[in-house]
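Biologist: I would like a close look at the aromatic rings in this model. Could you walk me through them slowly, as you would for someone in their first year?

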Amino acid sequence: VMGSGFALASSFVTLIVLVYFQAEIVAREVRYGFYPLVLLLLAGVTGAFLTGDLFNLYVWFEVMLIASFGLMIIGGRKMQLDGAVKYGVLNFLATTFFLIGLGYLYGLVGTLNMADVIRVASSAPRGPMTAIAALFLLAFSMKAAAFPVNAWLPASYHTTDAAVSALFGGLLTKVGVYALLRIMISLLPASRDVFDPVLTAIAVITLLIAPMGAIAQTNLRRAIGFLVIGGIGAVFAGMATPSLRGVAGSAFYAFHSILTMSALYLVAGLIERMTQTTDIRHMGGLYVANRTLSVMFIVLVFAAAGLPPFLGFWPKLLLTEAALGQADWLVAFAILANSILTLIAGSRLWAYIFWRAGRQGKYSEQENDRLRKLTVKENKTALSSSMVLVGTIVFLGLWPNLLFSSSWVAALDLLQPDRYVNAVGLAPLAQPDYLKPPEVRP
């Protein structure tokens, strides 16, 4: 349920992005394969969400990374090349750790099929399995941009076109957290218990420092990158409190983040088009120039912060209830503090861009003379597609029952994977010799 839901959300966001891109088509990017790369990226993302084999998960990660590298440098600007280097080095390291962990896991249990790993992991030696889980935790934390391996995301995602930033911010990090949920909760639950203090520390620190980073930023899309990282902390909070509510909250929040963070990047792209700058200090006066854009941006800020009745409120409610139910006061405090700090960061951006009359400094009370109106084509494609995505987020926030029930089923399947193992229907696995009981002789 979780994988199919994420795949559906990813496909929907990709469709919205492709419509949005019609307003900013660059002949060079189309000639160099923008559309094939987007479809290849979607194939990698959906393949990773739907596969039932860990080595296939690695293969889909590689497909996704190849496409993302191409999309990041397709514009050919120096800033894009700089961002691609930072993005590439960290992701190559993460992929290497993932592959090493797969090799050790196969050598230990003799399979990489997820259902088989679930059946035999509890019988494997605990020490080596804990080391393998540590490799997976490091690899996917890097891909998800969790603290302390998160610096690459705000340094790279803002360098691309807004449409590509939306794909990256909405989809790529969620593949990392999805893999962590599957592996740490379902496949290796005993190892997750060992890393409980680590997961708690990662969740709390990521939840707190990410919105602080957004508050300190003057580049609009860099600030949104830190908000993306804050959402990763919320997913880790569910793994740190692995009850039914906690895991359901993680799955729900990841689904919400796919939609909301993609929409934030798309709206940011429209803001940059109208103001002709990426620096919020040189923006201002957009409330009068485009009230629709103003309302869309503040709605997305409220959704990201988790204010009721917007979409982000419901998963944060589940996560807070899970933390309080297990008397994990630190995690509960971090979730609530993240909401407040995210609201401060988003409100600061909104005030700079929309509320203030003009640019910072002596022009702040004067009308911003650098604003331009959106063209007819931009209104029909970029603005309209963004409105559809924001409208979907508002609708799901007001009527979240389907997402609640789906997240509940997903959490049950992760915490009690018997139904998944039975559905796979594999023949009994031949256990390695060291897993077999000793032979008793008279």
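**A cluster of rings**

Modeller: Happily! Let us begin with a cluster in which ring pairs join Phe55, Tyr58, Phe61, Phe98, Phe136 and Phe140. Please keep in mind that this is a predicted model. A pair of aromatic rings is described by two things, the distance of the centres and the angle of the planes.

Take Phe98 and Phe136, which are both in that cluster. Their centres are 5.7 Å apart and their planes stand at 70 degrees, and this pair is edge-to-face. Planes over 60 degrees apart count that way. Now find the two rings along the chain: Phe98 belongs to helix H5 (residues 78-109) and Phe136 to helix H7 (residues 126-144), so the pair ties together parts that are 38 residues apart in sequence. Are these rings buried or exposed? Phe98 has a relative accessible area of 0%, so this residue is buried. Phe136, at 1%, counts as buried too.

Let us widen the view. Searching the whole structure gives 30 aromatic pairs. One of them joins Phe6 and Phe49, again edge-to-face, with 5.4 Å from centre to centre and 65 degrees between the planes. Here Phe6 sits in helix H1 (residues 2-21) and Phe49 in helix H3 (residues 34-50), so this pair links distant parts of the chain, 43 residues apart. As for burial, Phe6 is buried at 2% relative accessible area, and Phe49 is buried at 1%.

Methods:
Residues are numbered from 1 along each chain as its sequence is written. This is a predicted model: local features need pLDDT of at least 70, side-chain atom pairs count only at pLDDT 80 or more; totals for chains, interfaces and linings use all residues. Side-chain values use heavy atoms; hydrogens and water are left out. Rings of Phe, Tyr and Trp (its six-membered ring) pair if their centres lie within 6.5 Å; planes under 30 degrees apart count as stacked, over 60 as edge-to-face and the rest as tilted. Helices (H or I, at least four residues) and strands (E, at least two) are DSSP runs, numbered from the N terminus. Buried means under 20% relative accessible area, exposed over 50%, partly exposed in between (1.4 Å probe, protein chains only).
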